[in-house]
Amino acid sequence: MNAKANNTIDKARKLQRKLYLSAKTNKRRKFHALYDKVYREDILMKAWKQVKANKGIGGIDEIYIDDVVEYGESKLLKEIQQELKENHHNPKPVKRVYIPKKDGKKRPLGIPIIKDRIVQTATKIIIEPIFEADFKEYSYGFRPKRNQHQALEIIRKKCNNSGWWVLDADIKGYFDNINHDKLMILVEQRISDRRILKLIRKWLKIGVVERDRYEESEIGSPQGASISPLLSNIYLNYFDTVWDRYYKHLGTLVKFADDFIIISRTKKEIYHAYNAVKKIFERLELELNLEKTRFVNMWDGKEGFDFLGFHHRRSQIESRKGQRYNTTIQIPCKKAMDNMKKKVKEVLGNRANLKKEMYELVKIINRKIVGLRNYYKLKYPNKQLSKIDWYIIQRFTIWYNSKKQNRPRHRWIKEVVNKLKEMGLKKLAY
């Protein structure tokens, strides 16, 4: 990275740090002079780098990242800067696409055009530090310096420290049911810059296009927009704040985006917690999905719950000295195991990859293994990860025999294992 790029990042970080400290120092301060910072050259450049790194498809204008590079990155950023300066920026409706979920259903996404993604990201860079100063410790999703592993560690500790009851909750259609007026009231508690507020309202109301059909947006915030995770965190921070003020004695709230659990000591506390959640959600015009929300008794290890890709359950473990003790184990859940297999099969079950050499596929699979291992390699999942390692060998064997036109498909497995060792195939379990 060249010196100019480093200087751009440093300037942006200094501004973010200044905004964060100002908001943290004065909890009632409203920020009014922010809009001109959104179109600063360094902020727009940083926003573009983030949009470019995230890749993604084009919006309704069918302009992709490569098209912007060809057109001229600096040229586009100057055009955006001019539009914002003159208050002529008018976002386009988002493109509705669907991506498969782990349960077989499809999740709707709203994809803005690249120009709008840049402006949203630039705005997020400016206003996020202000709201970060207010966000509570319970929230771990889509926040700087916070991640799933931190949430998992809190769950493990709380369940081991007399956390016998868990409310495993699910919000019914969260992103589709965010009330725009109530969200804007929460945004306006910190932002008084009218032009920033106008931009956010436009993004909420802009509507979606699906199969050349336009639909207005009266409610909800489309997943897929750069600003959407921040807006969703602002909306649910009301939940965190009320919980912190009135109900935290009932249990520990752990939240990642719109997924959350509450860990309590007693059955009585967890039922009170459930009623408290329903009460808070009434104010937010949200509902719990009763089919997916349940109470889990962690006491005897007969029940467990899935959260953040892991199954959490109390189990008896034997120490190296042969002593047995009860603890909360966190292992990849069934959906996570199926998803890992799917990622492997997408590569090794693809007939187009029969043309490739084994060492090429080992490189591809190794990248996937490193990513999966970084997330799923906690203290106890070795047994489950070993199963995925064996599955990878099986899929390589099937691929090998298909390439050589051998029958049966699982023949020569020892030969394949030796070849994979020579080529440096990595392992999930170790």
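1. A good place to start is the hairpin of strand 6 and strand 7, which has two residues between the strands. A257 takes a positive phi near 55° in this hairpin. Keep in mind that this is a predicted model, so please read each value below as computed from that model.

2. How do the two strands of this hairpin pair? Strand 6 (residues 252-256) meets strand 7 in the antiparallel sense, over five bridges. To find your way along the pairing, look for L253, which stands opposite I262 in strand 7.

3. Strand 7 also pairs with strand 3 (residues 165-170), again in the antiparallel sense, and here six bridges are found. A handy marker is D168, whose bridge partner in strand 7 is I261. As background, strands of a sheet pair through backbone hydrogen bonds, either parallel or antiparallel.

4. Is strand 7 largely enclosed or left open? Five of the six residues of strand 7 (residues 259-264) are buried, so the rest of the structure largely encloses this strand.

5. Next, have a look at the open sheet built from three strands, in the order 9-10-11, with antiparallel pairing. Strand 9 (304-307) and strand 11 (324-332) are at the edges and have a single partner strand each, so one side of each lacks a neighbour in the sheet. From one strand to the next, the twist averages 40°.

6. Within that sheet, strand 9 and strand 10 (residues 310-318) run antiparallel and are joined by four bridges. One pair to pick out is F307 with its bridge partner in strand 10, F310.

7. Where is there empty space inside? Searching the whole structure gives one cavity of 30 Å³ or more. The largest cavity holds about 90 Å³ of space. Its lining has 14 residues, and those nearest the centre are V94, Q120, W203, P222 and A225.

8. What is the lining of the largest cavity made of? Its residues comprise 10 nonpolar, two polar and two charged. Helix 6 (114-132) and helix 9 (194-205) supply at least two residues each to this lining.

9. Finally, step back to the whole protein, whose secondary structure comes to 15 helices and 11 strands. The radius of gyration is 25 Å, close to the 22 Å that the globule rule gives for 430 residues, so the protein is as compact as a globular protein of that length. The C-alpha trace spans about 70 × 60 × 45 Å along its principal axes. Of the 430 residues, 49% are buried.

Notes. Residues numbered from 1 in each chain as written. Predicted model: local features only at pLDDT ≥ 70, side-chain atom pairs only at ≥ 80, totals over all residues. Heavy atoms only, no water. Pairing = 2+ DSSP bridges. Axes fitted to C-alpha atoms, helices over the stretch in contact; angles between N-to-C directions. 1 Å grid on protein atoms, 1.4 Å probe; cavity = no way out; pocket = protein on both sides within 12 Å on 5 of 7 lines; lining within 4 Å. Points joined across faces, edges and corners; volume = space filled by probe spheres on them. Nonpolar A, V, L, I, M, F, W, Y, C, P; charged D, E, K, R; others polar. Rg over C-alpha atoms; globule rule 2.2 N^0.38 Å. Buried < 20%, exposed > 50% of the residue type's maximum accessible area, 1.4 Å probe, protein only.
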